[in-house]
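Q: I'm new to this one and would like a close look at a single part of it. Could you walk me through it slowly?

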Amino acid sequence: MRATCARKDLHHGVQVASRAIAGRSAWPILNNVLIRTEEGHLRLTAFDLELGIECTIPAAIAEEGALTVPARLLAEVLSTLPEADVEISADEQSAVELKCQKSDYNLLGLPADEFRQLPEIPDDRKFTITQGALRDIIKQTILSVSTDESRAILTGVLLELKENEIKFVGADGYRLALRTATVDGAAGEASCIVPRRALDEISRMLDDDDSPVVVSIAESQIKFVVGGIVLVSRLIEGQFPNYERAIPGECERKLTMPTDDLLQRVRRASIVARENANRVIMKTEEDRMIITAESGDVGKAYEELEVVKEGDDIEIAFNSKYLLEFLTVVGSEGIVMELTGPLNSGKMAPVGRDDYTYVLMPMQIV
Amino acid sequence: MNTTQPDNIISILDMDTANKIAAGEVVERPASVIKELVENSIDAQATEITIEIADGGKQLIRVTDNGIGMSRDDAVICLQRHATSKIRSAEDLFAIHTLGFRGEALPSIASVARFAIITRREGVDVGTMVNCDGGEVADISDKGTPVGTSISVSELFYNVPARQKFLKTAQTELGHIVELLNRFIVSHPCVDFTLLHNDRQILRSSGSGKLEDALLTVFGRDAAEAVIPITGTYGPYTVRGFVSRPSYSKPNRAGQLFYVNQRYVRNRNMIHALDDAYRGILPQGRFPLLVAFIEVAPDLVDVNVHPTKIEVKFVKEWEVHSLLSTSIREALSSSAVAPTGDDFLPPAQHQIQRPEFAYRPQPSGVTHTSGDLTAFREALAARIQTSGDVPVTLPDDGVTNLASSEVAPVVGDMLRDVTVLAQARNMYIVAQNQHGILIIDQHVAHERILYDRLYKQGNELHVQRLMMPLTLNLSHREAMVVENKLSDLQSLGFEIEPFGKDAFVVRGVPALVAERNYEQVIRDTIEELTDLTLAKRLVVQRDSIITTTACKMAVKAGDRLSLDEMSRLVSDLRKTSNPYLCPHGRPIVVSLSNRELDKMFGRI
């Protein structure tokens with residue numbers, strides 16, 4: 001094959017696609033990017049069998065065909081070439097040649113037919129959502145995803161599609177984040193677990209605007225189409241725990257407070273709590289909430305905040321890190337906390353919205 | 001007679017001495033008596049075997065079966081050495097299908113204890129009772145009894161005080177007995193075994209004939225649910241059994257049972273085959289659970305290597321090796337747990353644990369160092385360069401020397417103003433300060449920090465409650481230990497409570513381990529406490545519970561740490577009571593002083 005394109009386009013394309021190459025695989029073809037000619041452009045694909053990314057760039061095709069070349073190497077060479085047109089070609093022996101002005105590089109590739117194609121994902125179970133909305137949903141649920149590899153099921157977000165509604169659920173052993181949203185163009189029903197890595201990568205590609213993302217779900221893969229980019233990921237197989245059981249029902253005791261006021265105070269108190277397993281104690285007294293933390297090595301913290309309280313007083317301890325992560329992404333001016341008791345989970349939600357719920361287990365006050 | 005001829009010093013031993021010598025080989029402790037008796041019961045086609053013991057078997061052992069029983073003559077003759085119903089001639093030795101065959105066991109046992117046989121054969125109206133003291137038949141009488149045999153052995157070693165002294169505590173002997181019966185339960189799932197200790201039921205197998213039920217009894221439900229079957233044939237050898245998926249592992253080999261023709265054996269070759277098949281799948285220091293039954297024509301295996309018959313030799317060791325490792329590998333890959341260079345596989349149940357293409361969540365936040373040696377060398381080179389610019393003159397305060405072959409731990413406050421440079425082999429923290437370069441073993445460092453913290457208790461120890469409580473289905477042994485140590489475990493931050501038979505529910509874990517694999521931490525802690533209680537014959541003191549817990553909670557060699565985590569670890573380490581020695585007594589820090597380094601490069 002032989003094609004000419006702008007250095008900038010090719011470099012950008014290789015960078016986008018090669019996000020799908022996680023580490024250095026012992027299987028060389030998995031470290032390579034596939035470049036294939038199509039009508040008026042080049043299609044770039046990288047795929048490490050977990051995650052695959054495909055994108056296209058404009059190019060003038062002189063001779064049709066396909067080649068593969070180590071993605072990191074190609075990106076590195078491209079990043080330092082002068083801003084001009086680049087001619088990329090490959091011969092029968094998979095030797096790849098890259099020419100740009102007076103530079104001429106021969107890189108060792110591998111035959112294109114060794115490259116693993118991205119799986120085909122049918123379109124019978126799918127939905128469309130805006131980029132901005134998907135970005136928020138991922139941000140608000142991925143915080144609860146477990147990093148403990150021994151609980152593989154919990155290292156991804158549960159995605160449920162039913163009629164025009166989607167649910168995203170992230171949960172580790174200590175907290176749970178549930179987001180719902182209505183979507184357009186929904187077809188079929190689905191329930192699957194999307195690995196964190198796929199969500200991290202798709203988030204990087206999303207803009208904060210109303211342009212669409214099309215999500216299609218197959219038996220064991222999921223596909224996102226954003227602009228001209230296609231991302232395919234393997235799903236985590238298995239049964240997600242019954243999360244609904246972990247969400248406490250309506251509770252008498254409700255505390256409403258401004259998000260930012262609480263965030264500031266918990267963040268300060270956590271400086272002290274850091275040395276003491278991040279534990280902050282929250283205690284209500286009439287219409288105030290008192291936040292304290294202490295550590296033998298550091299000292300004590302005391303914070304006070306006005307709250308609107310329904311129900312009796314309560315004292316409860318939380319891990320400040322888990323609180324802060326929620327407060328940073330909740331994105332509303334106020335939040336409501338429903339607290340059943342010092343040993344029961346607390347339910348938190350943005351004021352005036354019912355599409356986001358965060359459930360957090362307390363720490364014991366000994 | 002030979003004593004009268006002083007010139008002849010060689011004499012034929014009398015029968016009693018010969019029996020006592022044989023007893024020395026076969027009968028070491030109550031568990032070995034039970035082994036011989038239970039094997040006899042099994043060979044007598046028993047389907048129910050009850051083992052009653054008192055004081056760990058030191059006072060009384062009684063094994064009662066519903067097998068075919070013995071005639072009166074047999075009951076007497078079986079007490080003679082090399083009396084056996086199982087082989088008739090030397091040729092038969094190479095075609096052994098029964099568990100026992102040497103004809104040594106009963107006379108040997110009888111010679112070192114007070115011994116009684118009560119037995120009746122089917123079709124005979126009256127049973128027989130034979131009493132025997134120290135090998136001498138004391139009386140033979142009629143006795144009404146169900147069909148089968150009941151043998152009691154009391155006051156074991158009453159006439160061999162040297163042996164008696166070597167018996168351990170009742171608890172330890174019981175531990176050995178439980179271990180032994182577990183092996184029988186697995187190899188003979190058709191037999192309903194009951195073990196009573198001081199009239200309390202310790203163990204009961206279902207006798208349902210299903211290996212799955214046997215595994216459940218022996219290893220507990222969690223383990224039984226984590227296994228996949230293995231089968232295979234190679235030449236004259238066949239294997240069947242179960243191996244655990246990589247998601248379930250143990251910190252020792254206690255869960256590995258090998259059988260040849262239904263006889264529990266130990267054979268290095270087979271352990272090696274298992275390790276071979278599992279290479280690269282489990283981290284170092286973790287072992288799979290395995291139950292493997294090898295079937296082979298009796299002439300291709302020699303079980304007569306040792307009186308206890310625990311060691312075996314195969315005619316073709318490598319064939320057994322190859323059979324075992326291939327079958328295990330196949331089992332693992334057919335359930336898609338082993339690394340394969342395969343296609344975009346449809347996700348099988350457990351592929352997420354496949355090491356090669358496994359989905360691995362990237363550690364969020366800072367990812368600085370890695371096992372990447374180039375980066376490490378560069379970083380190190382750069383730092384050494386800068387530190388070279390600073391004029392430091394330090395006394396060579398007897399601090400360790402990497403150049404000398406023996407590396408000793410550092411002394412003095414070497415952990416002042418430490419900058420962490422990198423992590424080497426995901427095991428060691430490489431750091432420097434004005435004295436020179438320090439290398440810190442991350443696991444023992446963390447162990448020391450946790451040990452101090454757990455020891456101090458105070459308000460530093462917090463419990464993070466779990467959203468989904470963790471249920472532990474333990475083996476009976478483990479459950480007994482947990483039951484005993486419940487309050488200690490609770491005071492260390494495990495909110496754990498009994499939850500039915502051999503089960504416990506964990507509602508909260510120490511906040512210190514919340515971000516890590518807490519399930520592994522608690523399981524390993526329980527496992528080690530069980531071993532401590534039963535194997536090392538210790539009444540486990542609180543201190544060793546703390547040491548164990550600290551060890552299991554600590555980061556492991558092989559855990560990747562971020563630069564922040566390492567810096568934190570080093571500063572916490574400095575605050576501990578002894579930053580240079582871990583609670584087990586291993587060194588935590590070694591150093592290479594600037595002076596030594598300069599010397600090595602011929603700068604001074």
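Which residue in β4(A) does Phe47(A) stand opposite?

A: Phe47(A) stands opposite Gly52(A) in β4(A). Keep in mind as we go that this is a predicted model. Let's start from that pair and work outwards.

Phe47(A) belongs to strand β3, residues 41-47 of chain A, which is joined to β4(A) by 7 bridges, with the two running antiparallel. Together β3(A) and β4(A) make a hairpin with 3 residues between the strands. One residue to look for there is Leu49(A), which takes a positive phi near 80°.

Now for β4(A) itself, which covers residues 51-58. Of its 8 residues, 6 are buried, so this strand is largely enclosed by the rest of the structure. Besides β3(A), there's another partner to meet: strand β18, residues 229-234 of chain A, is joined to β4(A) by 4 bridges, and this pair runs antiparallel too. If you'd like a spot to find by eye, pick Glu54(A), whose bridge partner in β18(A) is Val230(A).

Time to zoom out to the whole sheet. It's an open sheet of 9 strands in chain A, and reading across you meet β6-β2-β3-β4-β18-β17-β16-β10-β14, with antiparallel pairing. At the edges stand β6 (66-70) and β14 (184-187), each with a single partner strand, so one side of each is left without a neighbour in the sheet. From one strand to the next, the twist averages 20°. As for what holds such an arrangement together, strands of a sheet pair through backbone hydrogen bonds, either parallel or antiparallel.

Further along the order from β18(A), you come to β17(A) and β16(A). Strand β16 takes in residues 212-217 and strand β17 residues 221-226, and they pair in the antiparallel sense over 5 bridges. Here you can spot Ile217(A) standing opposite Ile222(A) in β17(A).

Helices pack on this sheet as well. Helix α2 (residues 71-80) of chain A touches β2 (32-38) and β6(A), and its direction makes about 85° with that of β6(A). Helix α3 (residues 131-142) of chain A touches β10 (126-130), β16 and β17, and its direction makes about 95° with that of β10(A).

Stay with α3(A) for a moment, since it has a helix to meet too. Its axis and that of helix α4 (residues 196-205) of chain A come within 10 Å and cross at roughly 140°. The two helices are therefore oblique to each other, and their crossing is left-handed. On the α3(A) side, the contact is made by Gln131(A), Arg135(A), Ile138(A) and Ile142(A). From α4(A) come Arg196(A), Leu199(A), Asp200(A), Ile202(A), Ser203(A) and Met205(A).

One last thing to check is the cysteines. The structure holds 0 disulfides over all chains. Take Cys100(A): its sulfur is 9.7 Å from the closest cysteine sulfur, in Cys5(A), which is too far for a bond. At 1% relative accessibility, Cys100(A) counts as buried, and so does Cys251(A), at 11%.

To come back to where we began, Phe47(A) faces Gly52(A) across the hairpin strands, and β4(A), with 6 of 8 residues buried, is largely enclosed by the rest of the structure.

Terms used
Residues numbered from 1 in each chain as written. Chains lettered and ligands numbered in written order. Predicted model: local features only at pLDDT ≥ 70, side-chain atom pairs only at ≥ 80, totals over all residues. Heavy atoms only, no water. Pairing = 2+ DSSP bridges. Axes fitted to C-alpha atoms, helices over the stretch in contact; angles between N-to-C directions. Contact = heavy atoms within 4.5 Å. Buried < 20%, exposed > 50% of the residue type's maximum accessible area, 1.4 Å probe, protein only. Disulfide = S-S within 2.5 Å. Parallel < 35°, antiparallel > 145°, perpendicular 65-115°, else oblique. Left-handed = near helix turned anticlockwise from the far one by under 90°.
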